[in-house]
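Q: Please take a close look at the surroundings of the ligand in this model, and at the backbone features that deserve attention alongside them.

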Amino acid sequence: MIKKYYIIIIGITLISCSQTNVSTTSNNSQEQFIDSILSTMSIDDKIGQTNLRGTSSRAKTLSEELKEDVRQGKVGALLNVMKVEFVDELQKIAVEESPNKIPLIFARDVVHGFKTIFPIPIGLASSWDTEIAESSSRVAAIEASSVGIRWTFAPMLDIARDSRWGRIAESPGEDPYLASVLGKAYIKGFQGDSLNNPTSIAACAKHYIGYGAVIGGRDYNTTIIPEPLLRNVYLPPFKAALDIDVATVMTSFNEINGIPATGNEFLLKDVLRDELKFNGFVVSDWDSVIEMIAHGYAKDEKHAGELAANAGMDMEMTSKTYENHLKKLIQEGKVSEQQLNEFVKNILRVKLKLGLFKTPYRDKKNEANFYKKEHLSIAKEAAIKSSVLLKNKDLLPLSKNTKVALIGPLANAPLDQMGTWTFDGEKEHTVTPLEAFKKANVDFKYIPSLTHSRDQSTSEFKKTINSVKNSDVIVFIAGEEAILSGEAHSRASIDLPGAQESLIKELAKTGKPIVLVIMAGRPITISNIINDVDAILMSWHPGTMGGSALQEIIYGLREPEGRLPLSWPKAAGQLPYFYNHKNTGRPANKEDYVSMYDIPVGAWQSSLGNDSHYLDIGYKPQFPFGYGLGYTDFKYSNLQISKDTINFKENLMVNISITNTGKRPGKEIVQLYTQDVVGSITRPIRELKGFEHIYLNNGETKEVTFKISAEKLKFTNHKNVNTAEEGDFNLWVGPNSSSGLKSSFYLKKK
Ligand code: NOJ
């Protein structure tokens, strides 16, 4: 025993001295330190490190049982301990009284802000802006670390192609490239320059993997993902996250091709560790280990633990199969102690990188660093950059003296405006559109008419219609309450809920122009009302400063800067829908499309003109991926490529001129797409390969240059070979995924 403590103290001292900057500490000395601790640990101590204990953030007292478990080294990390006194007390017990004096990590779902809430992730994804994504997660890390949180379960990197899925709100959208660049930015913001900095928090790339592909958008459902699809669409954001050293990865709830992700050796060992060289730790999702029983993959808890352990899952969230069964499983030879040692090493490595051995306690200088002026200003900027203007019949922006009728259930809904996964943001700090309009002193009257988004009552309609008569313009703030999206909150119909559509239709009859603002956790199908309104602005759930951002956009102090990170569907029946689909043998096209109302009654069945479409809504989304308007217009011209043919070592330079042809300065997101025309497996009709933000004064022209190399054109084929293939490529540069100027080139092997 004496020897054991002696070694640890030496080890800790050693690392304390060298840890002023862990990034400069050699990997060897880190590994030696980890090995020295490991060599002193009993099997029970090791199992303790794999235990992520869940607690309730509302707990008023610290239970003696929890303290005792920490004292005995039975806990490696804690989730949702939200009183700073409790964090300090538990950490003190861990570092002073537990057998190996190993510090705890305190975790929390800090998803899109801690106290200062930023737009929900699908909103932030609409910014296509890595700087704002990084600053938002930096602010979240500063605020969260001030109360002792050093680990967040974010970013969620699940590609989502189905807006019925409630968690699309948390997703980076449908495109692997956009998701990869944004994911990296979030991680940089959370983890800072070095994890060792007390305001840095370990990020968690989740949910590994395929969670967004759940059948029918029903949460937790089955996924069927062939390996090339996994590697070409779902894996890239995770690979990007590992490229910049994300500290942790969370397994997903779903099964993939019959094997739950949490017990999936191929995914966790072959891909994540052997191929992608991940050296942080993997955490299961909440109870996802024991859920393998309900999946029909494990026969009982012990078996679930065995499957997870042998698959290479390091830390168990909330369920206790490791705590209760791992020792026995090792004694029975069903799991090797070597495997457990690997888990502990992976976990200690992250604790070490976080600097916890040297500085286990929160930085008191950073205490309660909430809602600072610069945090709020980043939140407002993020909301402006996330807002997507979908329609504008010369209505927006409004002039300050326009008489506005401000209507709708989300015009003053401070809680809902923050969106899903907001545990710590307080509605008292939220600026709603109503408050922002008041503060800006614009000419408006507020008539809520519906109390919440699901309100079915039409009792206020008459009064509302009478009172808009003296207004020039109606600003209707519609949408979904926060609780209608997020985990387990999928919807089969994604129209505006309650009586919102009926009210919009009634208001349209007054002849007053209508600006429809949508605050929601997903795209909302608007086919029934799109012609009743003159402008449509999507603000997603825009967070703490959403009201101020909207007020500035509506009155033209700023323009909406977002572009869609997904295809906006016409109807839920069209889902899943994504722009980067394959062509099929019968691609849909305008010439062949016949609407069901144009088919003669009694028509013979014939295969002429049959292609891949719906008889009732056609084959296009309401708005394509990448789409969004601003307050000015841009002209794309003079697309030029540097060569017609490039080899595998050459770059193709793509040049285009963009002119602001409108009346005010504005921003454009110039997008580059390619198509690999013929492949050894069929290839998407377009794939995003790059984008640039440009700001142009009215009348100004700028050139934008993109670089394409064979590296960018690689994909994984049916033989699991990742390569670019010789052949013809098309490329487009344009404002969204369904337009742009086109060119083509040839990629040749030699
Ligand atoms: C379940 C969710 O799927 C996951 O994203 C979250 O991080 C955990 N619960 C912890 O709250």
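A: What follows describes the ligand shell, then its polar contacts, and then some backbone geometry.

The model is a predicted one, and the description should be read in that light. Around the ligand stand Asp 109, Phe 153, Arg 167, Lys 206, His 207, Met 250, Phe 253, Asp 285, Trp 286, Met 317, Trp 421 and Glu 487. Sorted by class, this shell consists of six nonpolar residues, one polar residue and five charged residues; Phe 153, Met 250 and Trp 421 are among the nonpolar members, while Asp 109, Lys 206 and Glu 487 are among the charged ones, and His 207 counts as polar.

Three of these side chains can be described through polar atoms that approach oxygen atoms of the ligand. For Asp 285, an N or O atom of the side chain is 2.5 Å from a ligand oxygen; for Arg 167, the corresponding separation between a side-chain N or O atom and an oxygen of the ligand is 2.6 Å; and for His 207, a polar side-chain atom lies 2.7 Å from a ligand oxygen. Taken on its own, the ligand has 300 Å² of accessible area, of which the protein covers 95%.

His 207 also draws attention through its backbone, since the peptide bond that joins Lys 206 to His 207 is cis, with omega at about -5°. Both partners of this bond belong to the ligand shell, and His 207 itself is found in strand E5, which comprises residues 204-208. A second cis peptide bond runs from Ala 154 to Pro 155, with omega near 5°; Pro 155 has its place in the loop between strand E4 (151-152) and helix H8 (176-191). For context, most peptide bonds are trans, and most residues other than glycine have a negative phi.

The phi angle is the point of interest at two further positions. Asp 245, although not a glycine, has a positive phi of about 65°, and is found in the loop that connects helix H10 (236-243) with strand E6 (248-251). Asn 441 is likewise not a glycine and has a positive phi, here of about 60°; its loop lies between helix H17 (433-440) and strand E13 (444-447). With exposure set at over 50% relative accessible area, Asp 245 is exposed because its value is 52%, and Asn 441 is exposed because its value is 62%.

Note on methods: Residues are numbered from 1 along each chain as its sequence is written. This is a predicted model: local features need pLDDT of at least 70, side-chain atom pairs count only at pLDDT 80 or more; totals for chains, interfaces and linings use all residues. Side-chain values use heavy atoms; hydrogens and water are left out. A residue is near a molecule or strand if one of its heavy atoms lies within 4 Å of it. A polar contact is a pair of N or O atoms within 3.5 Å; within protein, one must be able to donate a hydrogen and the other to accept it, and residues adjacent in sequence count only if both atoms are side-chain atoms. Accessible areas come from the Shrake-Rupley method with a 1.4 Å probe; for residues, only the protein chains shown count as cover. Helices (H or I, at least four residues) and strands (E, at least two) are DSSP runs, numbered from the N terminus. Buried means under 20% relative accessible area, exposed over 50%, partly exposed in between (1.4 Å probe, protein chains only).
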